[in-house]
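Reader: Please choose one small part of this model for a close look, and then work outward from there to its surroundings. I would like the cut-offs stated wherever a term is used.

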Amino acid sequence: MFQNEDTIVTTGIDVEKVRKDFPLLERKVFGKPLVYFDNAATSQKPYAVLDAMDDYYRRYNSNVHRGVHTLSQEATEGYEEARKKIAAYINAKHSHEIIYTRGTTESINLVAATFARKFLQAGDSILITAMEHHSNIVPWQLVCEEKGAKLEVIAMNEHGELLMDDFEKKLTDKVKLVSVSYVSNSLGTINPVEEVIRQAHAKNIPVLLDAAQAIVHLPIDVQKLDCEFLAFSGHKLYGPTGLGILYGKEEWLNKLPPYQGGGEMIKTVTFEKTTYNDLPYKFEAGTPDVAGAIGLGAAIDYINSLGRDNILKAEDELLEYAMQALGSVKGLRFIGPLKNRVGSISFLLEGFHPFDVGEILDKQGIAVRTGHHCTEPVMDFFCIPGTVRASLSFYNTKDEIDLLVKGLEKTRALLGMS
Ligand SMILES: Cc1ncc(COP(=O)(O)O)c(C=O)c1O
């Protein structure tokens with residue numbers, strides 16, 4: 001989060017110490033120490049997470065909820081304790097408002113499919129923004145097509161900021177749900193979601209927040225936000241891949257029909273009729289990712305042990321440094337806002353295709369992402385093939401940013417543009 005140029009921040013994070021918590025940060029790539037700037041795609045995992053998952057598989061691997069034996073009880077306890085930690089982390093009112101999914105993508109698909117089945121009709125519309133990740137576009141396209149509904153898009157300006165007057169114009173009575181990214185993964189923009197929610201609620205329209213990026217960089221309080229749904233992935237929050245979260249207000253989760261059918265989500269089954277389980281199990285068909293949930297719980301313990309505020313402050317400081325340092329690189333053009341943003345920094349180097357920049361940086365041990373970042377409409381809006389994206393984490397250092405700057409200068413030199 002970087003909201004004010006004048007902000008003076010001190011960090012309570014000893015970066016050299018925390019780096020030792022992440023085994024992968026010791027890796028070398030092409031003989032050079034790894035500089036990992038692809039955190040918006042996925043973060044690295046601390047020992048605390050790896051050990052918790054390893055411990056589950058070695059010591060109490062068992063299926064949850066279905067056994068009276070000790071291992072099953074221990075596994076169930078670990079799985080449910082993690083749910084409580086996640087609920088507390090986002091200040092959900094009840095832990096049964098936390099649904100385990102495979103990731104943000106599945107969380108959004110769950111809401112799209114079940115909401116549409118119950119509430120969407122021909123002529124209705126769903127409102128999203130121009131900066132959505134594909135996973136907050138395509139699920140809605142699928143259900144809109146099926147129901148004869150329309151997907152409406154709130155426009156943004158050339159700085160990658162949402163146009164709130166366009167939102168007001170498009171928030172008509174036809175809109176049945178507003179689904180917006182809290183933070184853009186390809187631009188870094190922090191969207192004014194409080195205002196989006198306020199205006200939507202004034203018309204009794206529910207709001208889903210795609211918090212895949214926001215969960216890492218902003219303090220999230222779902223009761224304060226008052227959103228109906230919030231989706232995120234564990235793997236961006238230092239947890240394992242394959243485990244995501246859907247938060248839903250109890251009353252809304254109760255209103256929606258089940259998503260998938262199978263074991264666990266039922267109360268009783270006969271060939272004539274099935275009754276469904278209570279929350280959260282109604283939405284958790286089949287054997288879940290027990291190790292994943294325990295891993296995410298451990299990630300949250302780890303974050304809490306460092307202090308979430310300390311992490312966010314460290315990120316702020318690093319972002320400010322990175323924006324200044326990158327801004328000094330000749331021919332570098334930022335794509336996205338300069339303020340009110342997080343450290344997912346997209347840019348172009350004049351005269352270079354983003355892929356070439358990414359490849360040359362990789363040879364220097366620097367991992368950045370290049371391409372459209374699953375936001376093709378954003379790239380179309382800026383009429384560019386993609387960007388180079390350096391996305392920061394609290395375990396990155398200013399020295400690493402200096403290496404990135406040097407790497408970019410070397411890239412220009414290599415291709416005869418110094
Ligand atoms: C804003 C945003 N939404 C959704 C997703 C999809 O997350 P996942 O692939 O973990 O389901 C991502 C992943 O990059 C994202 O950044």
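**A hairpin and its surroundings**

Author: Strand 11 and strand 12 pair in the antiparallel sense through three bridges (a pair requires at least two bridges found by DSSP; strands are DSSP runs of E with at least two residues, helices runs of H or I with at least four, numbered from the N terminus). This is a predicted model, in which local features need pLDDT of at least 70 and side-chain atom pairs pLDDT 80 or more, while totals for chains, interfaces and linings use all residues. Residues are numbered from 1 along each chain as its sequence is written, and side-chain values use heavy atoms, without hydrogens and water.

The two strands make a hairpin, with four residues between them, and within this hairpin Ile266 stands opposite Tyr276 of strand 12. Two backbone details belong to the loops on either side. In the loop between helix 10 (250-255) and strand 11 (266-269) lies Glu264, which has a positive phi of about 80° although it is not a glycine. In the loop between strand 12 (274-276) and helix 11 (290-306) lies Pro280, and the peptide bond that leads to Pro280 from Leu279 is cis, with omega near 0°. Most residues other than glycine have a negative phi, and most peptide bonds are trans.

Before the hairpin in sequence comes an open sheet of seven strands, ordered 4-10-9-8-7-5-6 and mixed in its pairing. Its edges are strand 4 (98-101) and strand 6 (150-154), each of which has a single partner strand, so one side of each is left without a neighbour in the sheet. From one strand to the next the twist averages 20° (axes are lines fitted to C-alpha atoms, for helices over the stretch in contact, and angles between N-to-C directions run from 0 to 180 degrees). Inside this sheet, strand 5 (residues 125-129) and strand 7 (residues 175-181) run parallel and are joined by three bridges, with Ser125 taking Val175 of strand 7 as its bridge partner. Helix 3 (residues 70-89) packs on the sheet, where it touches strand 4, strand 9 (229-233) and strand 10 (244-248), and its direction makes about 120° with that of strand 4 (contact means heavy atoms within 4.5 Å). Helix 4 (residues 104-119) lies across strand 4, strand 7, strand 8 (207-210), strand 9 and strand 10, and runs at about 150° to strand 9.

Helix 4 also leads to the pockets, since it gives three residues, the largest share, to the lining of the largest pocket (on a 1 Å grid over the protein atoms alone, a pocket is an open set of points with protein on both sides within 12 Å along at least five of seven lines, a cavity is a set where a 1.4 Å probe fits but cannot get out, and lining residues have an atom within 4 Å of a point). That pocket holds about 360 Å³ of space, and among its 24 lining residues Thr105, His133, Ser135, His235 and Lys236 lie nearest its centre. The second largest pocket has a volume of about 240 Å³; 17 residues line it, and Tyr100, Thr101, Arg102, Glu106 and Ala285 are the closest to its centre. Strand 4 and helix 4 are the elements that give two or more residues to the lining of this second pocket.

After the hairpin in sequence comes an open sheet of four strands, in the order 13-14-17-16 and with antiparallel pairing. Strand 13 (332-335) and strand 16 (369-371) stand at its edges with a single partner strand each, so one side of each is left without a neighbour in the sheet. Here the twist averages 35° from one strand to the next. Four bridges pair strand 13 with strand 14 (residues 344-349) in the antiparallel sense, and the bridge partner of Arg333 in strand 14 is Leu348. Helix 13 (residues 354-363) lies across strand 14, strand 16 and strand 17 at about 160° to strand 16, whereas helix 15 lies across strand 13, strand 14 and strand 17 at about 15° to strand 14.

The loop just before helix 15 brings in an aromatic contact. If rings of Phe, Tyr and Trp (its six-membered ring) are paired when their centres lie within 6.5 Å, with planes under 30 degrees apart called stacked, over 60 edge-to-face and the rest tilted, the count comes to 15 aromatic pairs. One of these joins Phe22 and Tyr395, whose ring centres are 4.6 Å apart with planes at 55°, so the pair is tilted. Phe22 belongs to the loop between helix 1 (15-19) and strand 1 (28-29), and Tyr395 to the loop between strand 17 (387-391) and helix 15 (398-414), so the pair ties together parts that are 373 residues apart in sequence.

Methods:
Grid points are joined across faces, edges and corners, and a volume is the space filled by probe spheres set on the points.
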